[in-house]
Every structure is written in C-alpha cells, then in structure tokens.
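Me: I have a protein chain to look at. Can we go through it in short questions and answers?

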Amino acid sequence: MIAVEIIKTVKEMQKHSDRSRLSGKTIVLVPTMGFFHEGHLSLMRKGRKIGDDLVVSIFVNPAQFAPGEDFESYPRAFERDIGLAAKEGADVIFVPDEKELYPDGFQTYINLEELPKHLCGISRPVFFRGVATVVSKLFNIVKPDIAIFGQKDYQQVVVIRRMVKDMNFDIEIVDVPTFREPDGLAMSSRNSYLTDKERDYARSLFKSLKTAQTLLKDRTNDASKIIGAASRIIESCPETVIDYISIFDPETLVDMKTIDRPAQMALAVKIGKTRLIDNMRLRS
Ligand code: AMP
C-alpha cells in the first residue's frame with residue numbers, strides 16, 4: 001500500500017502545511033482539475049524531485065468556466081487519480097469542497113489588467129479571473145514554497161508568474177514542458193471527448209506548430225505568412241474551427257509581426273465540440 005493523505009478541508013490543509021513548514025520541509029503544490037494523464041504525472045515527478053512535501057490539488061474550478069462551457073461534463077475520475085498520484089509519491093491530495101472555496105457571498109476575485117486581453121482570454125473572458133482567483137486561494141491554503149504548472153497552458157503560466165510578482169507571493173513558479181502523445185498531440189483531459197476521427201484531425205495542431213518552426217528556420221520571418229501556412233494545415237481537416245493562431249512576445253503576449261527574436265506561437269482550435277490548445281517557442 002502506498003500512503004497518501006487525502007485532505008478535504010481548508011483548515012486541515014493549512015494545519016498540515018504549518019506543520020510541514022515548521023519541520024523545515026519544502027512544500028510543492030501541483031494544482032490540477034484531475035482526470036490525470038502523463039502530463040499531470042510529469043508535473044508530480046518534477047515536484048517529487050524538488051520538494052519534500054508534495055501536495056496535489058484536485059478541483060474543477062467553477063469560476064473559470066463560463067455558462068455553456070464544459071464545467072458539468074468535465075471528466076472526473078477521483079479514485080483512479082488517487083492511485084496515480086500515490087504512485088508518483090504524492091504526500092497529500094487536497095480535494096477542497098466547492099462550497100467551502102466559494103461560500104455564499106463570495107465576491108473577491110483577482111483580475112489582471114492586460115494579459116487576459118490576449119489569446120484564450122478573448123473567447124473565454126472569465127477564464128483567467130477564475131484561474132488567478134483559485135490559484136491565489138490555493139496558495140493561501142497550501143502555503144507552498146514552489147508551485148508547478150505545465151507549459152501546455154502557456155498563457156496560464158504567464159498570468160500566474162505575473163500575479164505572483166504583483167501580489168508578492170513568496171512562491172517559486174516552476175514550469176514543465178508539454179507532455180505529448182507519440183504523434184505530437186499535447187495530452188489533455190479534454191482529449192477524451194474526441195471521437196476517433198476527431199482525434200485524427202487533432203494531430204493538425206502540433207503539425208502546424210512544427211511547420212511554423214520549419215518555415216522560420218527556412219528564413220520566413222513574416223508572422224502572417226507563418227500563421228497563414230499553419231491555418232491551412234488545420235483548415236484542411238474537416239470539423240475544425242480556428243479560434244486563434246498567434247505569434248507573440250513570450251512575456252507580454254502582444255502580437256509580433258516580424259520574428260526577429262524568440263517568439264511564442266499558440267493556437268486554439270475547436271474540433272467538433274472540443275476546444276484544444278497548444279503552443280511552441282519559435283526560434284530562428
Ligand atoms: P488541468 O488539470 O488541465 O488544469 O492541468 C493541471 C496542470 O497540468 C496545469 O499546470 C497544466 O498546464 C498541466 N498540464 C496539462 N496538460 C499537460 C501536458 N500535456 N503536459 C504538461 N503539463 C500539462
């Protein structure tokens with residue numbers, strides 16, 4: 001039997017963290033919405049290496065879903081998740097209760113001024129407010145020394161780093177490369193929504209990013225040309241609708257016209273009913 005403690009209340013979690021800190025342990029937090037895949041597990045592996053007390057939180061955060069998005073249908077597999085996290089050596093699984101995190105009368109949110117005006121923030125206007133709010137709450141509850149996030153959600157990492165700086169959280173943010181399927185598709189809990197056909201079309205996201213990198217290496221540094229080529233790859237698959245494809249400054253997220261320095265490329269595509277995202281650093 002692998003021992004992992006399951007904590008469900010804020011008080012209990014804070015107590016655990018106070019004890020841990022007092023005994024000189026480094027607390028690492030991996031915040032998740034559960035339904036684990038290898039991407040999540042790679043974050044836990046990193047956490048196990050760099051910390052003494054590995055806390056994995058599982059919480060499908062209602063504040064980051066807009067009405068009509070997939071909050072209700074978001075995949076959940078709690079028992080399986082516990083086994084997987086235990087196997088990776090998690091010390092604590094924190095599963096807060098929705099009513100405790102957002103009690104009646106809740107009205108305090110973290111809003112970033114500029115970063116959410118780009119990329120996913122355009123089609124998901126409440127998303128980053130929800131993410132920043134719940135992550136700041138988790139930071140206050142778990143009191144980690146280090147928190148780990150995936151580069152798969154690139155804009156999220158940029159938002160969290162900014163929030164940590166702006167709000168003086170004494171927490172180191174570590175990001176981990178995107179874990180991919182053998183054909184390049186970024187692992188995501190939402191991949192489980194895809195039909196076989198859609199799964200096939202989903203390969204076009206990574207293919208378009210790789211093509212962009214190849215074009216840049218071949219000296220095409222006009223962002224609109226690269227985006228055009230990437231769009232054509234995705235549009236050649238039926239049932240795909242591009243939300244955005246952007247090439248932008250890795251820190252400010254502001255669009256770049258000419259790629260004359262390291263740039264980030266990101267895209268969001270709807271395949272059938274499923275919205276997928278991916279991104280890549282572009283280097284000439
Ligand atoms: P989620 O449960 O989807 O909210 O993700 C929890 C954490 O896992 C976030 O920091 C994500 O960026 C990260 N993550 C999700 N998918 C991947 C992946 N394929 N590779 C690496 N990290 C990931």
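The questions below move from the whole chain to one helix.

Me: How many helices and strands does the chain have?
Reply: This is a predicted model. Its secondary structure mixes both kinds of element. The count is 10 helices and 9 strands.

Me: Why is the chain called as compact as a globular protein of its length?
Reply: The chain has 284 residues. For that length the globule rule gives 19 Å. The chain is as compact as such a protein because its radius of gyration is close to that value, at 19 Å.

Me: What share of the residues in the chain is buried?
Reply: Buried means under 20% relative accessible area. Of the 284 residues, the share that is buried comes to 54%.

Me: What percentage of the contacts joins residues 24 or more positions apart?
Reply: Take the contacts with a separation of 6 or more. Among these, pairs 24 or more positions apart account for 73%.

Me: How far apart are the centres of the positive and negative side chains?
Reply: The chain has 41 positive side chains and 40 negative ones. Each set has its own centre. The distance between the two centres is 3 Å.

Me: What span should helix α2 have, and what does the model give?
Reply: Helix α2 runs over residues 38-50, which is 13 residues. At 1.5 Å a residue, it should span 18 Å. Its end C-alpha atoms agree, at 18 Å.

Me: Which elements do the buried residues of α2 pack against?
Reply: The buried residues of α2 include Leu41, Leu43 and Met44. The buried residues of this helix pack against one other helix and several strands: α3, β2, β3, β5 and β6.

Notes. Residues are numbered from 1 along each chain as its sequence is written. This is a predicted model: local features need pLDDT of at least 70, side-chain atom pairs count only at pLDDT 80 or more; totals for chains, interfaces and linings use all residues. Side-chain values use heavy atoms; hydrogens and water are left out. Helices (H or I, at least four residues) and strands (E, at least two) are DSSP runs, numbered from the N terminus. The radius of gyration is taken over C-alpha atoms; the globule rule is 2.2 Å times the number of residues to the power 0.38. Buried means under 20% relative accessible area, exposed over 50%, partly exposed in between (1.4 Å probe, protein chains only). Contact means heavy atoms within 4.5 Å. Lys and Arg count as positive and Asp and Glu as negative; His and the chain ends are not counted. The place of a charge is taken as NZ of Lys, CZ of Arg, CG of Asp or CD of Glu. The expected span of a helix is 1.5 Å times one less than its number of residues.
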